[in-house]
Every structure is written in C-alpha cells, then in structure tokens.
Amino acid sequence: MKTLLLWDIDGTLIASGGAGGRALIAALRLEFGVAGSLDGVELAGRTDPWIARKLLAKYELPATAKDIARFLERYLAALPAELHHPLVRPLPGVPEILVTIAGHPEVAQGLLTGNLRRGAEIKLGHHDLWRHFPFGAFSDDSEFRNDLGPHALRRACEHHHAEFPLERVFVIGDTPHDIACGKAIGARTIGVATGHYSAAELHATAATIVVADLSDTLAFLRAVGAE
Ligand SMILES: [Mg+2]
C-alpha cells in the first residue's frame, strides 16, 4: 500500500438530505422536551459532539459529558428512520470509486469524519457503503475535527502494517474544516464541491486539489497518482 485516502461522509460520499439535522431535532424533543431548530448552529464540517454541545447551549440546557451522551444516544436511535427520505443518496460516482479503491492493490481507504462511529455505520450502511472502510477516525475520538487526523493515520498504519508518507495521504471532504483538518497533519487535501461549498470557496482554502464531484473515477485515480 502506497497511498491512503481518508474520506469525510456528509456532502462528500452521501447527500444526507437533512437526515442528521432531523434526527438531532427529534433527539432534542424526545430527550430534553425542547421543540427546537438548528438555526444558528453550524453543522457542515463539525463533529456530532460539538453540534450537540452548541444545541444544548442554544436552549440553555446543561451540557455535561453525560447530557451530551444522552443527546447523542437519542440522535443515533432517531437516525435510521430519517434516512428513508428521497433526498438521501450516495453522491455521483461514489459507489464506483469506493469499489475501485477497495480492489486497488496500492491504495488504502478509511474514514475521517465528524460522525460518531455508530452514526457513520448507520449512514453508510444504509447505502451498503460501510463495508469499504476497515478503519477510521470518528468524533468518538475527539469533538474537535483537527484532532482526528492522527487517530486516522495510526489506525491506517495498524490495519495495513505500513507507514504512509504524508505526501501520499489525501484528506477528502466538502468543507473548509476538512481541508484544515488535512493540513493539520501535513497531508494533501481534496475539496469536493458536492456539499455546501462551491469549488471557488474550496479553492480559497488552498486545498491541494478541488473537484466538482466524484463522477469520473479514472480522473480521480489520476489525481491521487493511483491509476
Ligand atoms: Mg462533510
């Protein structure tokens, strides 16, 4: 294995169609009795515990570790039902790229996501994509996205019994937070303009590569030097 791809989930691999947001609102209501909204709370590129903390603060609820855990348990319970929605789908070309990489002798792939591990499994499993990811870093590791990179690198090394030089590691995501997270570990970065940010906005973050979407498998493999 020579190249390592570390994938974000929402807006990069799948369009979640607001499922995560609806599950958060349901959790707020069921666990804390608040009929709330997500207005004023940034979701894209943030971690689940970070979002939970901001939402509890917004409604002036206590936000101890225990409260956040309660909130997120409810969120995970509400999530599967919310995925049955017409706007929830894999983004263009994603299933093809993941299958191709999974069978590629020189490219490894894992997750680097603000989702909890169980949330990632629920969201990707819904599209039968979870099976492509033998390891990853999740917001169980830290509520701060920039802390997640070293966990992903360590698990990649453990899983493949190999070191990946940072010039062959690509952190792939749809927000400036993903690009910052990749830069924090000295990796290459790929911005994908299928989420809330345009290609121009992702270029402005000085991502190594910016693509409109992932519909061209061959072009993507070329871009990461893995034809
Ligand atoms: Mg994302």
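Select Glu-60 to begin: this residue follows helix H2 and has a positive phi, near 55°. The model is predicted, and every stop on this tour refers to it.

**Helix H2 and its neighbours**

Step back to H2 itself, residues 48–58. Colour its buried residues: Asp-48, Pro-49, Trp-50, Ile-51, Ala-52, Leu-55 and Leu-56. These buried residues pack against three helices, H1 (19–32), H3 and H5.

Add helix H3, residues 65–82, to the selection. Two packed helices are described by the angle between their axes and the distance between the axes. For H2 and H3 the angle is about 110° and the axes are 10 Å apart, which makes H2 roughly perpendicular to H3. To see the contact, show Asp-48, Pro-49, Ala-52, Arg-53 and Leu-56 on the H2 side, and Asp-67, Ile-68, Phe-71 and Leu-72 on the H3 side. Sorted by class, the contact of H2 with H3 has six nonpolar and three charged residues, and no polar ones.

**Ala-81 in H3**

Stay in H3 and pick Ala-81. Buried or exposed? Ala-81 has 12 C-beta neighbours inside 10 Å, so it counts as exposed. Now pick Arg-22 as well and draw the C-alpha to C-alpha distance from Ala-81: the value is 9.9 Å, for a pair 59 residues apart in sequence.

**The two domains**

Colour by domain next. The domain assignment gives domain 1 as 3–16 + 88–223, and domain 2 as 19–82. Their C-alpha centres lie 24 Å apart. Where they touch, domain 1 contributes 19 residues and domain 2 contributes 13 residues. On the domain 1 side, the elements giving two or more residues are helix H5 (117–125) and helix H7 (176–184). The residues on that side of domain 1 comprise four nonpolar, ten polar and five charged.

**The sheet**

Hide the helices and show the strands. There is an open sheet of six strands in the order E5-E4-E1-E6-E7-E8, with parallel pairing. Its edge strands, each pairing on one side only, are E5 (136–137) and E8 (209–211). Strands of a sheet pair through backbone hydrogen bonds, either parallel or antiparallel.

Zoom in on strand E1, residues 3–7. Five of its five residues are buried, so E1 is largely enclosed by the rest of the structure. Turn on the side chains: Thr-3, Leu-5 and Trp-7 point one way from E1, while Leu-4 and Leu-6 point the other way.

Which strands flank E1 in the sheet order? They are E4 and E6. Take E4, residues 107–112, which runs parallel to E1 and is joined to it by five bridges. Two partners in E4 are worth labelling: Val-107 is the bridge partner of Thr-3, and Leu-111 is the bridge partner of Trp-7. Then move to E6, residues 169–173, which pairs with E1 in the parallel sense over four bridges. Here the residue to label is Val-169, the bridge partner of Leu-4.

**Last stop: helix H6**

Bring back helix H6, residues 148–160. What does H6 lie across? The strands beneath the selection are E1, E4, E5 and E6, and H6 runs at about 140° to E4.

Notes: Residues are numbered from 1 along each chain as its sequence is written. This is a predicted model: local features need pLDDT of at least 70, side-chain atom pairs count only at pLDDT 80 or more; totals for chains, interfaces and linings use all residues. Domain bounds come from an automatic or database domain assignment. Two residues are in contact if their C-beta atoms, placed from the backbone, lie within 7 Å. Ala, Val, Leu, Ile, Met, Phe, Trp, Tyr, Cys and Pro count as nonpolar, Asp, Glu, Lys and Arg as charged, and the others, Gly among them, as polar. Axes are lines fitted to C-alpha atoms, for helices over the stretch in contact, and angles run from 0 to 180 degrees between N-to-C directions. Angles under 35 degrees count as roughly parallel, over 145 as roughly antiparallel, 65 to 115 as roughly perpendicular and the rest as oblique. A residue is buried if 20 or more other C-beta atoms lie within 10 Å of its own, exposed if 12 or fewer, and partly exposed in between; C-beta atoms are placed from the backbone. Two strands pair if DSSP finds at least two bridges between them.
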